[in-house]
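Me: I've got a complex open here and I'd like to talk it through with you. Can we go piece by piece?

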Amino acid sequence: MEKRLKIVGFLCNWCSYAGADLAGVSRFQYPADIRVIRVPCSGRVNPLLVLKCFQEGADGVLVSGCHPGDCHYQEGNYYTRRRMMMLKNLLDFFGIDKRRFHISWVSASEGKKWADIVIKVVEDVGAALEEITKQ
Amino acid sequence: MSLSMDETVFGKKELLQILKSVSDRCVIIGPVMEDEKLYFRPVDCIDDIVWEFDNTVNSIKEFFFPQRQALYELKQDKIRTFEPDIEKKRILLFPRPCDVRAVTILDKLFMGDYEDRAYRTLRENTVIMGLSCRNPGPRCFCLSIGGNPFGMEGMDVSITALENDKYILNTVTDRGKVIFEGKGKRADKEEVQRFERLKKQAEESIKREIHIPKDLLKAFESDYWKEVSEACLKCGVCTYLCPTCHCFDIVDERFYRIRCWDTCSSDAFTRMASGEDSRKNKFKRYRQRIYHKFSYYKENFEEYACVGCGRCAQYCPVKTDIVEIVSTVNEKGTP
Amino acid sequence: MKDILVPDLAQIKDIKGETPDVITLKLVFKDKDKRDTFSFYAGQFVELSVPKEGESTFCIASAPSDKGYMECSIKKVGRVTEAVHMLEPGDTVGIRGPYGNSFPIEQMKGRNILFIGGGIGLVPLRSLIREVLSIRNDFKDLRIIYGARSVTDLVYKDELDEWGKRGDIKVTLTLDPGGETEEWKGEVGYVPEVLKKQTPVKQNSIALTCGPPVMIKLALNALDEMGFTPKQIFTTLEMKMKCGIGTCGRCNVGPLYVCKDGPVFTYEQIKGFIEDIF
Amino acid sequence: MIGKIKKTAKQILGDGTVSLFLGYGKNSLGDTVPVFIKQEKDVEKLVWDESCYYNLTRYFTDKDINQFEEGPIGVLVKGCDQKSLKVLLSEKQVKRDRIRIVGLVCSGMKNEKGDFFTKCETCDSNNPDGELCDVVIGQKVERKNREDDFSDIEKIEALDPAQRQELWSRYFDRCLRCYACRNICPLCYCNECIVEQNDPGWVRPSASKENNLYFHIIRAYHLTGRCTGCGECERACPVGIPLRKINRRMIRAVRDSFDFIAGRDAETKSPLACFRQDDREDFIK
């Protein structure tokens, strides 16, 4: 059997989590390499959490929240956007492959988008890891 | 210790030859350049070793008392212990007499009442070939704290550069003798005299002196400590680079129990889970460092925990000078 | 040669809730030899490990005369203790020790003994009290002053009751102001104040104290004021410890290490270093 | 210049405007050290030369210096230090009326080898901001602004990820975790730093290549949008890790993404503490 990746997904309760739920109900197929942690808002995702995941051996991390303007708390995802932009930037500078860390906006109605994103993320993380093991 | 005419003289080439011949059986640790600074590191290529230098950034304590050491693995109901990595014997090349003396000071702690197994194993499997200090640095004060730039305490072999391509060797222990037995040329009278002369020169070139008050404890409650620690940043530079500082922490990382260096200036050092911290203020932490070195250690082990290498004064980000602080306790600190 | 920093494994046989945040573990070594040879003196402590979380210092709460097992009372305050509170009977922990010195039981014989405890600080004293009571006739008057924040925070309630009923030991319980309930029959007030009110005799006496740092500090002052000499006062100190054998360098009181030369000190020994303790 | 510095210090200490004056002095080895002057007579200890590289604003947030309770603090600041001061003011870590700022015109500081610090070679703030200072001492110097030269960073960026990782792991391998970089930083003032929290242990305390990497990521991230590039971290590092490069990379990222430069003024919020609805999101799926 192919080795499963360990990807941690931080999903906003109000959108992406429901989106993932919808994907399940709609029977959209996507890889099971992602482990979901439900958070009240993507703004709750302290960059430390992302780093801790990597430190504890996660192959990839995905943070998913509401589309701009749709935040349940008005502006949580705007902060997330800035924070994650900088974190991604910094990780890249230290040579942690960009493809291991992803951010997405998935609403409660976007079950298909969720499935597509997971497929893409798994692909990316897999490719990044392959490169690492090659070296 | 002074030399007799039993000592041997080698050229640099010869010494390199001998070292190379043992390098497949031994790990050689020596001073090497890394980004313009000198560090003791295990070397792959003996030619990388630097033969002339002031002193290294790191001391040699980390080869006996590593900064990070896995003690054992504790998993549910099983303990798996680790042996220190000593597949090959180690040769520690060119540490300065002060650094070597520091190791003998640490011996008293780690091989005293309670014996530290990892420390002993590493200690017993390492041959120390020290290098006499012909040009002590401006911050050195080893003479006034019981050391000597040409000291041999703790060494297996003492090496002194006589001139460019001539090195005089004193094999202090049998472990050292084995390596050089039957090799080199006997030192002649002139060479021994030159050694003595260089030694005197080195001693005379040390201008700094530390004066440790006998009744340091009297100044314990003095405001002096608040004054002298004002600029201190509470970082760990002095303690981590110090060849005798030995405080450590024991932490769990996954299932591993790790021993790692710790510093008395750290916020977490004495803070208990309840939040109580007996040494909350920085003057208390700084005082602890000074007293640990110059009072407590002396009382417990009859030796100061300082060898006068001057690293703390050199690398301190705010240039706190331990010599000045300790030497003026009497005039300024005693109430 | 066994590594001094490697623990022995012990199994939790029983867990007893003392207060909402204190439990008492009954521990038995897994190794039979260790079980048979393990002995200690009242006042000594052990290093208890929880896998993945770490190691912490705990006093032994049972008496040396309690054979075959060992008890530790643990209050939930930090990472290790929280993990301990999650454990269940049958789980395994690591134990190193016993370490440290002990209460001066020989010196105490033939004298009046005053035990002053606060909160979870009763633990080491309990070990000693049990030991003392097992040879009651060797001592003169015994007196316990024990205080806690509130009724629910009193540890070893059953034993305190038992001791109170004995008649040959005087037990005074006190609660911090505001912590009492309507049914409370004991004193109200901080331990050092209650201590001052009690005016215990100082001749031929020994006072032993353990509790939170503030309480120890004030109790030492109070005893000092009442005329106890620094040699008559013993306190057991708790500081952050890691190694337990005097090498890690953090628990010193002047040149003395709490883990190696302590945890039991006379007031005389620590007097000069009060600033660095509390 | 030193005459004027001493005179100013003497004056404000003497008339009770300040109870403490932070300046530069010498120790017995001749090294420049920060000095804490409390009495008029001690102003003679003050010096001013090309080794006064310390950023004294670091001591404003030092919990062990309780001088604020007794009265305002006087401080010597160079143009670069002033940027940190502005961040501290904007983050409400120090109150303007509790400090007396003596600005110093500086034409560059030199390291022990006698070379100018890199930050001085590209300095755009030789002259302190007169509006913020109570006094400015020194003749104004003309210097070309070269602070937007990021070629050193670009060199690292040109490497591929694996090479970058190797580069940094070589540096972090020798990191001692002494935290001098953190402790000397005027903007690292958290009451309890996450590296000292053990529950949860965000960063493992022992020094290993991997653990050190995460420490440095967190340190750099925490300074993103706040660091002014004073370079004290790099100077304090005993093992020569080029920490300022990391910080500068984030200074550039913040400038490019949010059009923000920390230390420009004492009012604008840090970019990670606010947002714009039209921030870029090309990195989001």
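Me: Which elements do the buried residues of α8(D) pack against?
Reply: This is a predicted model, and the packing of α8(D) involves two chains. Within chain D, the buried residues of the helix pack against α6 (161–173), α7 (180–184) and α10 (243–258). From chain A, the partners are α2 (47–55) and α3 (76–93).

Me: And how many of the 14 residues of α8(D) are buried?
Reply: Buried here takes 20 or more other C-beta atoms within 10 Å of a residue's own. Residues that pass include D:Leu213, D:Phe215 and D:Arg219. The helix is mostly covered, and the count of buried residues is twelve.

Me: What does α8 of chain D reach from its first C-alpha to its last?
Reply: The helix runs over residues 209–222. At 1.5 Å a residue you'd expect 20 Å, and the model comes close to that. The reach is 20 Å.

Me: How do the residues on the side of chain D that touches chain B divide?
Reply: The contact takes 34 residues from chain B and 27 residues from chain D. On the chain D side, β2 (32–37) and α7 each supply at least two residues. By type, that side divides into five charged, six polar and 16 nonpolar.

Me: Which strands stand at the edges of the open sheet in chain B?
Reply: Four strands line up as β5-β4-β12-β11, with antiparallel pairing. A strand with a single partner has one side left without a neighbour in the sheet, so the edges are β5 (78–81) and β11 (248–253).

Technical notes:
Residues are numbered from 1 along each chain as its sequence is written. Chains are lettered from A and ligands numbered from 1 in the order in which they are written. This is a predicted model: local features need pLDDT of at least 70, side-chain atom pairs count only at pLDDT 80 or more; totals for chains, interfaces and linings use all residues. The expected span of a helix is 1.5 Å times one less than its number of residues. Two residues are in contact if their C-beta atoms, placed from the backbone, lie within 7 Å. Ala, Val, Leu, Ile, Met, Phe, Trp, Tyr, Cys and Pro count as nonpolar, Asp, Glu, Lys and Arg as charged, and the others, Gly among them, as polar. Two strands pair if DSSP finds at least two bridges between them.
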